[in-house]
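Dear colleague,

I am passing on the structure below, followed by some notes on what came out of going through it. Please read the notes with the coordinates open beside you.

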Amino acid sequence: MRRTGTLLVLVAVLAGVLACMPSSLSGVQPSTRATIERATQAVRTAAPRPTTVVPTTAPVPTMAPLSPESLDHVRARDQALTTLYANYSGSVVHIIVSSNRSGIAAASGTGSGWVWDQNGYIVTNNHVVEGADTLAVVFADESQYEARIIGTDRDSDLAVIQVEADPSLLVPLQLGDSEELQVGQTTVAIGNPFGFAGTMTSGIVSALGRVTVQESGYSLPNLIQTDTSINPGNSGGPLFDISGRVVGVTTMIYSTTGEFSGIGIAVPVNTVKRVVPLLISQGYYEHPYLGVRGWTISETLADAAGLPVDQGALIGDVTAGGPADRAGLRGGSRSVPVPGYSQDGVTVGGDIIIAIDGYPVKGMNDLITRLERYAVGDEVILDVVRGGEYIEVPVVVGARPAQSGSVLGGQ
């Protein structure tokens with residue numbers, strides 16, 4: 001009995017010990033289980049995992065700042081433009097044109113002009129003052145003076161008016177040399193577009209030597225083309241170079257809307273130098289004149305007409321009694337169709353002018369432009385091809401008649 005009791009006691013003790021040992025996680029107390037789960041989760045989270053990084057955008061380049069040399073250049077140009085406006089805008093005037101309708105004076109137009117000298121002479125465009133009954137000139141300080149017309153020239157679209165203004169306002173502008181201009185040079189216009197007084201715009205010389213045919217039939221040669229913004233109201237104002245010298249007078253734009261579209265035209269200042277003094281002294285200007293109408297020779301024309309040269313000014317018609325007629329120059333005798341020319345054909349068989357006083361003539365525009373350098377009464381020597389022979393023909397330059405009635409290429 002004693003041995004059996006001892007055995008039973010040992011069995012009971014062993015059972016109690018086994019009952020205290022966990023057989024699985026389910027036997028763990030809730031608080032202990034939570035602690036184990038948190039520890040396991042932390043281990044899993046902290047465990048490194050291999051990853052592949054795929055960029056979603058290309059690297060953004062870092063723009064290099066402008067160099068000090070570039071900034072100096074920009075600042076120098078800005079300063080030049082600022083100085084130009086400060087020094088010369090006061091010599092640019094606003095012209096207000098009035099006409100009497102049924103006895104009532106009414107403003108009919110506006111334009112620009114600039115001081116020529118201290119005698120109160122103002123240069124502008126002919127089309128600004130044409131048909132005016134009264135003119136008012138407004139200076140930068142808003143002082144206003146009545147003006148009178150001194151002289152006009154429709155063919156160069158230049159005019160001179162005069163005011164009796166405070167002498168302190170009459171500061172003449174400096175004249176440049178339009179023969180020195182090059183395509184790409186900076187140009188600046190100051191004027192009154194749409195009546196906005198004292199407006200400055202800038203651009204470049206886009207082309208040189210442009211020629212336009214006017215309503216009179218005569219050509220206006222050697223014009224400056226610029227992309228400097230000019231609009232109605234700029235007409236007659238100065239076109240400056242970057243140093244503040246006048247190189248032209250803004251006169252027209254080419255546009256399908258009536259507003260600036262990138263092509264502005266200015267009369268070159270060298271033309272102004274020839275015309276304005278005579279407008280002041282005699283009220284008009286006589287343009288040099290030969291009295292011929294013709295065509296610019298191209299390869300197409302030369303092939304179609306069997307011409308002996310592939311460039312020059314082909315004379316189609318000679319004005320009876322004109323300088324060319326008196327010198328013995330000959331016009332054409334027959335018409336041939338030439339693609340790209342007049343629908344009525346080109347009159348061929350006449351003299352071909354290839355040079356004037358030794359300067360090559362590539363076409364009618366060259367002839368007209370070069371002739372503008374001469375005065376009425378000057379004698380010029382024309383190099384002419386006639387029937388395959390080269391001859392020299394002296395011609396005394398005449399004065400252009402008031403109306404031409406000529407066709408394209410008339411002079």
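Threonine 226 has glycine 264, a residue of β12, as its bridge partner. This is a predicted model, and that pairing belongs to the contact between strand β9 (residues 219–226) and strand β12 (residues 264–268), which run antiparallel and are joined by 3 bridges. Both strands are part of a closed barrel of 6 strands, in the order β7-β8-β9-β12-β11-β10, with antiparallel pairing. On average, neighbouring strands of this sheet are turned by 50 degrees against each other, with direction ignored.

Two helices are worth following against these strands. Helix α3 (residues 68–88) packs on the sheet, where it touches β7 (186–191), β8 and β10 (238–241), and its direction makes about 35 degrees with that of β7. Helix α8 (residues 364–371), for its part, lies across β8 and β9 and runs at about 95 degrees to β9. Of the 8 residues of α8, 6 are buried, so that the helix is mostly covered; the buried ones are Met364, Leu367, Ile368, Thr369, Arg370 and Leu371.

The loop between β9 and β10 holds asparagine 234. Is asparagine 234 buried or exposed? Its relative accessible area is 4%, and because the cut-off for a buried residue is under 20%, asparagine 234 counts as buried. Leaving aside residues up to four places away in sequence, asparagine 234 touches Ser112, Ile190, Gly191, Asn192, Pro193, Ser229 and Thr250.

Another set of pairings involves strand β15 (residues 313–318), which is mostly covered, with 5 of its 6 residues buried. Strand β14 (residues 292–296) pairs with β15 in the antiparallel sense over 5 bridges, and within that pairing valine 292 stands opposite valine 318 of β15. β15 is also joined by 2 bridges to strand β18 (residues 352–356), again with the two strands running antiparallel, and here alanine 313 has isoleucine 353 of β18 as its bridge partner.

Turning to the pockets, the largest has a volume of about 300 Å³. It is lined by 13 residues, of which His127, Arg154, Asp157, Gln214 and Glu215 are the closest to its centre. At least two residues of this lining are supplied by each of α4 (126–129), β8 (199–213) and β11 (246–253), and by class the lining of the largest pocket has 3 nonpolar, 6 polar and 4 charged residues.

The second largest pocket contains about 230 Å³ of space. Its lining is made up of 14 residues, and those closest to its centre are Asp153, Asp155, Tyr285, Pro401 and Ala402. The lining of the second largest pocket divides into 5 nonpolar, 4 polar and 5 charged residues.

Finally, some totals for the whole chain: the protein has 8 helices and 22 strands, and 41% of its 411 residues are buried. Among the contacts with a separation of 6 or more, 60% are between residues 24 or more positions apart.

With kind regards

Key: Residues numbered from 1 in each chain as written. Predicted model: local features only at pLDDT ≥ 70, side-chain atom pairs only at ≥ 80, totals over all residues. Heavy atoms only, no water. 1 Å grid on protein atoms, 1.4 Å probe; cavity = no way out; pocket = protein on both sides within 12 Å on 5 of 7 lines; lining within 4 Å. Points joined across faces, edges and corners; volume = space filled by probe spheres on them. Helix = DSSP H or I, 4+ residues; strand = E, 2+ residues; numbered from the N terminus. Nonpolar A, V, L, I, M, F, W, Y, C, P; charged D, E, K, R; others polar. Pairing = 2+ DSSP bridges. Axes fitted to C-alpha atoms, helices over the stretch in contact; angles between N-to-C directions. Contact = heavy atoms within 4.5 Å. Buried < 20%, exposed > 50% of the residue type's maximum accessible area, 1.4 Å probe, protein only.
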